[in-house]
Amino acid sequence: LLYVSTVFDNSIHQYDITSGNATAINASRYVIGTSRFFPNALQLSPDKRIFVAFSQSSAVSVINNPNVYGAGCNFSLGSIDLAERLCWIGLPAYISSFFDESKHVDFTSTYTDCHTNLDGSTDLIGNLKWKWDFGDGTIDSGQHIRHVFKQPGSYDVTLKLFTSAATCGPDITDSFTTIKTVVIGADIFAVDYSFTETCVNQPVQFSDSTILTSGNIISRIWDFGDGSPISTLLNPVHTYSNTGIYNVKLLVTTSGICKSDSMIKQVFVGTRPFTSFSAVNGCMNQPLQFTDNSTGSSTPVSGWKWAFGDGGTATVKNSLHLYKNYGNYNVQLQVSSYGCLSNVIITQPVIIDSKPDVIADYRFPCLDQPTVFSSTASNVFGNIISAIWLFGDNTNSTLNNPIHQYLDTGRFTASYKVVTENGCATTLTKNIRVVKAVANAGPDSITIINQPIQLNGSGGGIYSWTPAANLNNAAIPNPVAKLQNNTNFTLLTTSTEGCTATDNVFIEIVPAFNILVPNAFTPNGDGVNDKLKPSGIGIDHLNYFKIYNRAGEQVFFGKTFNDGWNGKFHDALQPQSSFVWIVQGVDIYGNLINRKGSTVLLH
């Protein structure tokens, strides 16, 4: 039954589509429900009910018995309340067949004349394919099968049914499987035979391998398929005078309940081909291509038997093969043409290299010094023919231990690639961050003899100060020094990448901190001693610098060492005379320094 939601009449329609006839299907339309809301998505649920989404409805509707035609489908409008929420267009987009727990496929077995008849059945229609696995190592296809088991016992027979349907895209295929146990008793009748290689104008040996456990074989009839007389021998020999494909039939008749049965096999008769192939050396765990170059004398090559020397085989024309171990291998190929084998088996040696073992590293990825690369490579089996460093900045080197100077900071991907004679390659990659080391020893300073002073280094990494004799710790950024003489310190910083940088700082030693003011100055504009200004020894900053004339008037006020008096008061150059000054500053340890005196202004 097919259910369709239609928005033009707000209804749910039901159709019976089993007839496959358009007129009958349209005539079967049955309206199972109508609503004031628009019906939209229909979805089959795991409990085999169909749920219906009505747009903007506060409830979901349900078709409770969707396999029943007409009113019996039991459509329930708005039966699932959504607790003041609204239903819209869709429902979860599951594939409904996922909820279909029906097997849809079954089979029966009967035992007649020592043979098993297997008959498949299904409730599905359309494009169907039947695949049998008899549990004895053989398979077959078809809905109704006659199979011969060669030994008594219990066999788990698997029937797999494939269904396919055309869509707007690729065909969709589904499958259904059933497994049953088939018990075979003591009565076995299995007609079979084998034959040797089949070359034109060469004797072919046929050998009957029929199994019969009840009664006796009373006749055999061989039909070789080429119009020649039949044979009744147990194991006849037959020669084909022409190449081709022949249906050879063996009919066996018994005296017991098994009656008679036959076996037909196709026998390919050809001419002996000439074997040739090409192979290349390679690497372990990498597929190698083996190419057949064989030719047939009058019939084409149709069979291939590859033996790759490591236990692996193949039966295709051109084969890919992967060797899991390195070493020397002998590859063999024998071809056939319609069952006729070539006279010789061709053998070619193949060498399989191992992948090189590589160790690679680097030191000092620094902007201001070369980066040192190191590497070693070895190989268990196979000769290494090339090795190259790629530094990640469009440069390279074929040295094992190159020294490379990067021209800019940043991140680079360096790699070391080693290749063997057979193309086996190993690449080791290193992510490198090139940095520039920084060392800052701080500004030059002044201090009093034997007075502690702290150095102010920065830059990061490992610190090392020299000379270290007068420092409390020469391996920290900010050591404390007690000095008796002027000292020039050198700071060496080493980054985590091993990069180094240096900087210097000079510490001057004085008996005491002081503020000095000249005793004379000449504001004549010649650029020498034009201003009266103080200078400090160990002074951090000035609080004030004041200058007074003989009348007690303040002619200048300043608060920095750069501030100075140009000899003018009210924009007039003062006469040659003596001027009094007072100054107050704070030394580098926070102590007040007060000084006073006089200075002569000279014209």
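What follows is a working chat about pockets, cores and single residues in this structure.

Biologist: What kind of model is this, and how are residues numbered?
Modeller: This is a predicted model, where local features need pLDDT of at least 70, side-chain atom pairs count only at pLDDT 80 or more, and totals for chains, interfaces and linings use all residues. Residues are numbered from 1 along each chain as its sequence is written, and side-chain values use heavy atoms, with hydrogens and water left out.

Biologist: Start with the cores. Which residues have the most contacts inside the largest nonpolar core?
Modeller: They are I515, L532, F545, I547, W565, W581 and V583, in a core of 21 residues. A nonpolar core is a set of buried Ala, Val, Leu, Ile, Met, Phe, Trp, Tyr and Cys residues joined through side-chain atoms within 4.5 Å. Buried means under 20% relative accessible area, exposed over 50%, and partly exposed in between, with a 1.4 Å probe and protein chains only.

Biologist: Which element gives the largest share of this core?
Modeller: Strand β48 does, with four residues. Strands here are DSSP runs of E with at least two residues, and helices are runs of H or I with at least four, numbered from the N terminus.

Biologist: What does F545 touch, leaving out residues up to four places away in sequence?
Modeller: F545 touches V517, L532, K533, P534, F556, F557, G558, W581, I582 and V583. Contact means heavy atoms within 4.5 Å.

Biologist: And which residues are in the second, separate core?
Modeller: That core has 17 residues, including F224, Y240, C258 and V269.

Biologist: Now F521. Where is it, and is it buried or exposed?
Modeller: F521 lies in strand β46, residues 520-521. With a relative accessible area of 2%, F521 is buried. Beyond its neighbours within four places in sequence, its contacts include L532, W565 and L601.

Biologist: How far apart are F521 and I211 in space?
Modeller: They are 137 Å apart, C-alpha to C-alpha, and 310 residues apart in sequence.

Biologist: Switching to pockets. How much space lies in the second largest pocket?
Modeller: About 370 Å³. On a 1 Å grid over the protein atoms alone, a cavity is a set of points where a 1.4 Å probe fits but cannot get out, while a pocket is an open set with protein on both sides within 12 Å along at least five of seven lines; lining residues have an atom within 4 Å of a point. Grid points are joined across faces, edges and corners, and a volume is the space filled by probe spheres set on the points.

Biologist: Which lining residues lie nearest its centre?
Modeller: Of the 14 residues lining the second largest pocket, R146, H147, V148, V191 and M263 lie nearest its centre. Strand β22 gives the largest share of the lining, four residues.

Biologist: What about H13?
Modeller: H13 is in strand β2, residues 11-15, and counts as buried at 2% relative accessibility. Its side chain makes a polar contact with the side chain of D9 at 3.2 Å. A polar contact is a pair of N or O atoms within 3.5 Å; within protein, one must be able to donate a hydrogen and the other to accept it, and residues adjacent in sequence count only if both atoms are side-chain atoms.

Biologist: Last one, D208. Which side chain does its side chain make a polar contact with?
Modeller: That of T210, at 2.6 Å. D208 is found in strand β17, residues 203-208, and counts as buried at 15% relative accessibility.
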